[in-house]
Amino acid sequence: MNCPECDATLNIPDDASVGEIISCPDCGADFEIASKDGANVQLKQAESVGEDWGE
Amino acid sequence: MTKVCIVFDRLRSEEKMLQKEASDLGYDTSMLDAKITQINTDSKKEDFDLGDVVLERCVSYFRGLHFTSSLEFMDVTAINKYDVANICGNKMIMTLCLKKNNVPTPKTYFSFSSESAFENLEKVGYPLVIKPLIGSWGRGVMPLKDKDSAEAVMEIRDINDGPHDRIYYLQELIQRPPRDIRVITIGDEPVAAMYRKSLEGFKTNIALGADPEICEITKEMEDIAIKASKAVGGGILGIDMMEDEKQGLVVHEVNNTVEFKGLARVAKRNIPKAMVEYAISCIRK
């Protein structure tokens, strides 16, 4: 699968789950796995870090 | 079969560890993304795959807090409870709660305008540490060492003017070794602890690159952690302490959605397993 931002190849591990974040190794953009059905993976733009994030 | 639900908004290794441990213990699990869950005033717990108990693990404090209120509205057992999250999420409320319950905590000053905060600083003297009421990972925490730095920070606060920016939380700067102690408590029981050593400066947040090192839980740490846990209402917590040269251990923070990835790798106890077992013990009989 290619990065929607820069078209670089994204490595999505086989055991990755919906909700996990995938980072593009080239442009650094973060994507969230929106759905996953075998090798068919849908990505969406990951949320940026919010002021209230963290512990 | 008993089912554990993990509510998340960003799936991190902590949530996957919890899911794995619940499965290994023989429980069904469900993962629920808070971002895509819709709730209304007629919602019932049966409308969702919430299982028998929910571990609320949102990385966003406000999202997790409000999601928990919805869960409790539907009579779902959620960990941590709304009241606990509400106390821990606001540093002023948390500090007042600790002090009220005789948990040693740094002396802290509250002001409700920049003028008043500045007046207090001039009266008490420098340095004091300013912290945002809401916020994590050490963001916005900085020592005010002199009048110039205080004026700069106050000005930025006045420009930002967020809903919490007019409330000033200023804390004494604790004289301590360049580290703090994180104790994880589960159901008022300390299960593991680590030192967090600052790489540079005075912040010791792991998220900022502080170096974690396993810490043996002393009797004093245990007693204070239990007291702090009970003060905020219990559950699964991260109690942060500093070793004050004069006062001994002081608790400066109690964290609601505790991160444990680093500590889990080195702790003797299986932290996610203990969390799941605690969640199961909370299911209403």
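Trainee: What domains does the assignment give for chain B?
Mentor: Domain 1 (3-80), domain 2 (108-172) and domain 3 (175-256). The bounds come from an automatic or database domain assignment.

Trainee: What kind of model is this, and how do the labels work?
Mentor: It is a predicted model: local features need pLDDT of at least 70, side-chain atom pairs count only at pLDDT 80 or more, and totals for chains, interfaces and linings use all residues. Residues are numbered from 1 along each chain as its sequence is written, and chains are lettered from A and ligands numbered from 1 in the order in which they are written.

Trainee: How far apart are the centres of domain 1 and domain 3 of chain B?
Mentor: 26 Å, taken over C-alpha atoms.

Trainee: And which domains feed the largest nonpolar core?
Mentor: Domain 1 (3-80) and domain 3 (175-256) of chain B each give at least three residues to that core. A nonpolar core is a set of buried Ala, Val, Leu, Ile, Met, Phe, Trp, Tyr and Cys residues joined through C-beta atoms within 7 Å. Buried takes 20 or more other C-beta atoms within 10 Å of the residue's own; exposed is 12 or fewer, partly exposed is in between, and C-beta atoms are placed from the backbone.

Trainee: Which members of that core touch the most others?
Mentor: B:Val54 and B:Ala228, out of 63 residues. Another core lies apart from it, with 11 residues, among them B:Leu133, B:Met154, B:Tyr169 and B:Leu170.

Trainee: What is B:Val54 in contact with, beyond its neighbours within four places in sequence?
Mentor: B:Cys5, B:Val7, B:Leu71, B:Val76, B:Thr77, B:Ala78 and B:Ile79. Contact means C-beta atoms, placed from the backbone, within 7 Å.

Trainee: B:Ile79 caught my eye. What kind of peptide bond joins B:Ile79 and B:Asn80?
Mentor: A cis one, with omega about 0°. B:Asn80 is in the loop between strand S4 (78-79) and H3 of chain B. Helices (H or I, at least four residues) and strands (E, at least two) are DSSP runs, numbered from the N terminus.

Trainee: Is helix H3 of chain B mostly covered or mostly open?
Mentor: Mostly covered. H3 (residues 82-89) has six of its eight residues buried. They are B:Tyr82, B:Val84, B:Ala85, B:Ile87, B:Cys88 and B:Gly89.

Trainee: What do those buried residues pack against?
Mentor: Helix H2 (61-73), helix H4 (91-100), helix H7 (219-232) and S13 of chain B.

Trainee: Which strand is joined to S13 of chain B, and how many bridges are there?
Mentor: Strand S12 (residues 236-244) is joined to S13 (residues 248-255) by seven bridges, and the two run antiparallel. Pairing takes at least two DSSP bridges between strands. S12(B) and S13(B) form a hairpin, with three residues between them. One bridge pair is B:Asp240 with B:Glu253.

Trainee: Back to cis bonds. Where is B:Pro127?
Mentor: B:Pro127 is in the loop between helix H5 (114-124) and strand S6 (128-131) of chain B. A cis peptide bond joins B:Tyr126 to B:Pro127, with omega about -5°.

Trainee: What about B:Asp188 and its phi?
Mentor: Phi of B:Asp188 is near 65°, positive in a residue other than glycine. B:Asp188 is in the loop between strand S9 (179-186) and strand S10 (189-197) of chain B. It has 15 C-beta neighbours inside 10 Å, so B:Asp188 counts as partly exposed.

Trainee: Now chain B as a whole. How many helices and strands?
Mentor: Nine helices and 13 strands. The radius of gyration of chain B is 20 Å, close to the 19 Å that the globule rule gives for 285 residues, so chain B is as compact as a globular protein of that length. That radius is taken over C-alpha atoms; the rule is 2.2 Å times the number of residues to the power 0.38.

Trainee: What share of chain B is buried?
Mentor: 40% of its 285 residues. Of the contacts in chain B with a separation of 6 or more, 66% are between residues 24 or more positions apart.

Trainee: And those two shares for chain A?
Mentor: 15% of its 55 residues count as buried. The contact share in chain A is 12%, for residues 24 or more positions apart among contacts with a separation of 6 or more.

Trainee: What elements does chain A have?
Mentor: Zero helices and three strands.

Trainee: How many residues of each chain are in contact across the two?
Mentor: 10 of chain A with 20 of chain B. The chain A side divides into two nonpolar, four polar and four charged. Ala, Val, Leu, Ile, Met, Phe, Trp, Tyr, Cys and Pro count as nonpolar, Asp, Glu, Lys and Arg as charged, and the others, Gly among them, as polar.
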